[in-house]
Amino acid sequence: MSNLETLIQRLPKAELHLHIEGSLEPQLMWDLAQKHHVELPFSDVDAIKSAYQFDNLQSFLDLYYQGADVLRDEDDFFQLMWAYLCKCHEQNVLHAEIMFDPQTHTERGVSYDVFMPGFIKAIEKARDELGISVYLILSFLRHLSEESAIETLEKARPYYEHIKAVGLDSSELGNPPSKFERVFAQAKALGFKLVAHAGEEGPPEYIWEALHLLKVDRIDHGVRSIEDPELMAYLKQHQVPLTVCPLSNLKLCVIDQMSEHNILQLMNDGLRVTVNADDPSYFGGYLNENFMALAEHVNMQASDLITLVQNGFKASFLPEKTKQDWLGIIEDTVSQLGVK
Ligand SMILES: Nc1ncnc2[nH]cnc12
Ligand SMILES: [Zn+2]
């Protein structure tokens, strides 16, 4: 292992932008399709893997929603969440704020009472056996109507105590944050934290809308902020976190090459940037692979990587005291490793 690889592996990390449906590995997809007699348009597991070539966000989403169709009963959702949390354990990710898309399931007749108990059992097992803390983020699908999002929030009521935040994902272009102003106001009044995908494919105006109309606490992606100097100044002044996902940006052709990623510029301009995996099974890597891609292609130094890891905890929704505890552990790990 290189020094940077050891550093990345050894540091305790937080993941803030992860779609649980995007952690469905081809093998599990295949096994669940067999179990439920779901017909997939693939001849075997390798054919699923080879289909993961995307031109843009939509070409990925088409496959992602199709893949999620194999998730049918409570144990499927347990297995999905448990597999991801075991990966966290392997990679020393000790806190995860995980998005789930209720409408991806309710729209095909799979109810909250199926997926939530599966998720909750896996989360409690990971807390007890692996020492990992998890917050759930209920994400609305922005290609659907605001009425559907309102109904989705309402149906989640029995599970509110298990949900920390609401989010907004799916097809960005043509579905601006302004479409969801009322449902975000409702979620805020209920005490949820707020996040939204913005500035992944969409323009800086969508980031302004997420900030001013939805009043989000974090921006998911936000890499197009760089196009608007006023927005950059605002994000810096208010230290609004961006949950950046390097391998996702590469796979969805937001950038042509990893070496072109603007993450270092965003950091050097004083923004609170974090690194995340987004949909690891589709994009070829979990959190550590995202850090490694930056270490290899973006000329990141150990100190940059440490800042990014610290930012993961600072930008989390953990209580202040817990954040400070993690920052202390990071500092201790850095001195044990003798990294400057
Ligand atoms: N990267 C992404 N952007 C928008 N919606 C998503 N749903 C899952 N991954 C997504
Ligand atoms: Zn995402």
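**Figure 1. G118 and the residues it touches in this predicted model.** Let us start with one glycine. Setting aside its neighbours within four places in sequence, G118 is in contact with E74, D75, D76, F77, F78 and M81. G118 itself sits in helix α7, which covers residues 112–130. Is G118 buried or exposed? It has 20 C-beta neighbours inside 10 Å, so it counts as buried, the cut-off for that class being 20 or more. One of its contacts deserves a second look: G118 and E74 are 44 residues apart in sequence, yet their C-alpha atoms are 4.8 Å apart in space.

**Figure 2. E74, seen from the other side of that contact.** E74 belongs to helix α5. Which residues does E74 touch, if those up to four places away in sequence are not counted? They are V114, P117 and G118. With 17 other C-beta atoms within 10 Å, E74 is partly exposed. Follow the chain to T104, 30 residues from E74, and you find the two C-alpha atoms separated by 15 Å.

**Figure 3. N92, a residue with a positive phi.** Where does N92 lie? Look in the loop between α5 (74–91) and β2 (93–100). The phi angle of N92 is near 65 degrees, a positive value in a residue other than glycine. Around N92 there are 16 other C-beta atoms within 10 Å, so this asparagine is partly exposed.

**Figure 4. N299, another asparagine with a positive phi.** This view moves to the loop between α15 and α16 (302–314), where N299 is found. N299 is not a glycine, but its phi is positive, at about 60 degrees. Is N299 buried or exposed? It has 10 C-beta neighbours inside 10 Å and therefore counts as exposed; the limit for that class is 12 or fewer.

**Figure 5. Helices α1 and α15 packed together.** Helix α1 spans residues 3–10 and helix α15 spans residues 287–297. Their axes are 10 Å apart and meet at an angle of about 150 degrees. The two helices are therefore roughly antiparallel to each other, since angles over 145 degrees fall in that class. α1 passes α15 in a right-handed crossing. Which residues make the contact? From α1 come L4, E5, I8 and Q9, and from α15 come N288, F291, M292 and A295. Sorted by class, this contact has 5 nonpolar, 2 polar and 1 charged residues.

**Figure 6. Helices α8 and α9 packed together.** Here helix α8 (residues 146–155) packs with helix α9 (residues 181–189). The angle between them is about 20 degrees, and their axes lie 9 Å apart. α8 and α9 are therefore roughly parallel to each other, as angles under 35 degrees count that way. Their crossing is right-handed. On the α8 side, the contact is made by E146, A149, I150 and L153; on the α9 side, by R182, V183, Q186 and A187. This contact has 5 nonpolar, 1 polar and 2 charged residues.

**Figure 7. The buried residues of helix α10.** Helix α10 runs over residues 204–212. Which of its residues are buried? Look for Y206, I207, E209, A210 and L211. What do these buried residues pack against? Their partners are two strands, β5 (193–198) and β6 (218–221), and the helix α11 (229–238).

**Figure 8. F317 and its contacts.** F317 is in the loop between α16 and α17 (320–337). Not counting residues up to four places away in sequence, F317 touches E97, Y135, K164, A165 and K193. The C-alpha atoms of F317 and L194 are separated by 10 Å, with their positions 123 residues apart along the chain. F317 has 18 C-beta neighbours inside 10 Å, so it counts as partly exposed.

**Figure 9. Stepping back to the whole chain.** To place the close-ups, here is the full model, with 17 helices and 8 strands. The radius of gyration is 19 Å, close to the 20 Å that the globule rule gives for 340 residues, so the chain is as compact as a globular protein of that length. Its C-alpha atoms fill a box of roughly 55 × 45 × 40 Å along the principal axes. Buried residues account for 46% of the 340 residues. Of the contacts between residues at least 6 apart in sequence, 76% join residues at least 24 apart.

Technical notes
Residues are numbered from 1 along each chain as its sequence is written. Chains are lettered from A and ligands numbered from 1 in the order in which they are written. This is a predicted model: local features need pLDDT of at least 70, side-chain atom pairs count only at pLDDT 80 or more; totals for chains, interfaces and linings use all residues. Helices (H or I, at least four residues) and strands (E, at least two) are DSSP runs, numbered from the N terminus. The radius of gyration is taken over C-alpha atoms; the globule rule is 2.2 Å times the number of residues to the power 0.38. Two residues are in contact if their C-beta atoms, placed from the backbone, lie within 7 Å. Axes are lines fitted to C-alpha atoms, for helices over the stretch in contact, and angles run from 0 to 180 degrees between N-to-C directions. Angles under 35 degrees count as roughly parallel, over 145 as roughly antiparallel, 65 to 115 as roughly perpendicular and the rest as oblique. A crossing is left-handed if the near helix is turned anticlockwise from the far one by less than a right angle, and right-handed if clockwise. Ala, Val, Leu, Ile, Met, Phe, Trp, Tyr, Cys and Pro count as nonpolar, Asp, Glu, Lys and Arg as charged, and the others, Gly among them, as polar.
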